[in-house]
Amino acid sequence: MAWIQLIFAGIAEVSGVTFLKMTDGFKKKGYVFLMLVAGVINFYLLSKAIETLPIGTAYGVWTGIGSIGTVVIGMIFFRESKEWLRLLFISMIVIGIVGLKVTTA
């Protein structure tokens with residue numbers, strides 16, 4: 001259950017950062033509200049996950065999901081660079097997340 005909470009916390013993190021981008025410097029209040037809701041959900045689920053998971057593992061996986069997710073969202077919706085070096089470094093983050101999952105009892 002903790003891993004599922006952690007994954008959803010990561011998804012909420014990606015959502016919050018995406019909404020942050022869409023606020024256009026906090027000018028669009030609707031997106032500011034969505035960003036705040038995503039932030040609350042994000043930290044609530046992260047706090048539930050670290051009740052049972054080691055905090056270092058949980059934080060590493062959470063930030064990894066957030067980093068990968070925001071890069072992918074940027075590539076798809078904000079037309080950010082898709083050069084192979086970015087993809088290479090994203091794959092290294094994925095390898096690190098899998099390594100943390102495998103080494104966590």
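Select phenylalanine 26. It is partly exposed, because its relative accessible area is 44%; buried means under 20% relative accessible area, exposed over 50%, and partly exposed in between (1.4 Å probe, protein chains only). Phenylalanine 26 sits in the loop between H1 and H2. Check its backbone: phi is near 65°, a positive value in a residue other than glycine.

A word on the model. This is a predicted model, where local features need pLDDT of at least 70, side-chain atom pairs count only at pLDDT 80 or more, and totals for chains, interfaces and linings use all residues. Residues are numbered from 1 along each chain as its sequence is written, and side-chain values use heavy atoms, with hydrogens and water left out.

**Stay in the loop**

Select aspartate 24. This residue also lies in the loop between H1 and H2. Its phi is near 55°, a positive value in a residue other than glycine. At 40% relative accessibility, aspartate 24 counts as partly exposed.

Now select threonine 23. Its place is in the loop between H1 and H2. Is threonine 23 buried or exposed? Threonine 23 is buried, with a relative accessible area of 0%. Which residues does it touch, not counting residues up to four places away in sequence? They are Lys28, Tyr31 and Val32. Contact here means heavy atoms within 4.5 Å.

**Zoom out**

Show the whole chain as a cartoon. The secondary structure comes to 4 helices and 0 strands. Helices (H or I, at least four residues) and strands (E, at least two) are DSSP runs, numbered from the N terminus. Along the sequence the pattern is α-α-α-α. The C-alpha trace spans about 45 × 35 × 15 Å along its principal axes. Of the 105 residues in the chain, 32% are buried. Take the contacts between residues at least 6 apart in sequence: 65% of them join residues at least 24 apart.

**Helix H2**

Select residues 29–49. This is helix H2, with 21 residues. Put a distance between its end C-alpha atoms: they are 30 Å apart, which agrees with the 30 Å that H2 should span at 1.5 Å a residue. The expected span of a helix is 1.5 Å times one less than its number of residues.

Next, colour the buried residues of H2: Val32, Met35, Ala38, Asn42, Leu45, Leu46 and Ala49. They cover an arc of only 160° around the axis, so they lie on the same side of H2. The arc is that of the directions from the helix axis to the C-beta atoms. Rotate to the other side of H2, where Lys29, Phe33, Leu36, Val40 and Phe43 are exposed. Against what do the buried residues of H2 pack? Their partners are helix H1 (2–22) and helix H3 (55–77).

Go to glutamine 5 for a view from H1. Glutamine 5 is in helix H1. At 15% relative accessibility, it counts as buried. Not counting residues up to four places away in sequence, glutamine 5 touches Leu45, Lys48 and Ala49.

**H1 against H3**

Two packed helices are described by the angle between their axes and the distance between the axes. Axes are lines fitted to C-alpha atoms, for helices over the stretch in contact, and angles run from 0 to 180 degrees between N-to-C directions.

Show H1 and H3 together. Their axes come within 8 Å and cross at roughly 40°. That makes H1 oblique to H3. Angles under 35 degrees count as roughly parallel, over 145 as roughly antiparallel, 65 to 115 as roughly perpendicular and the rest as oblique. For side chains to display, the contact includes Trp3, Leu6 and Ile7 of H1 and Thr57, Ala58 and Val61 of H3. H1 passes H3 in a right-handed crossing. A crossing is left-handed if the near helix is turned anticlockwise from the far one by less than a right angle, and right-handed if clockwise.

**H3 against H4**

Finally, hide H1 and H2. The axes of H3 and helix H4 (residues 84–103) come within 9 Å and cross at roughly 155°. H3 and H4 are therefore roughly antiparallel to each other. H3 passes H4 in a left-handed crossing. Among the residues that meet are Gly60, Gly64 and Ile68 in H3 and Ile90, Val94 and Ile97 in H4.

Last stop: glycine 60. Its place is in helix H3. At 23% relative accessibility, glycine 60 counts as partly exposed. Add a distance to lysine 101: the two are 41 residues apart in sequence and 9.9 Å apart in space, C-alpha to C-alpha.
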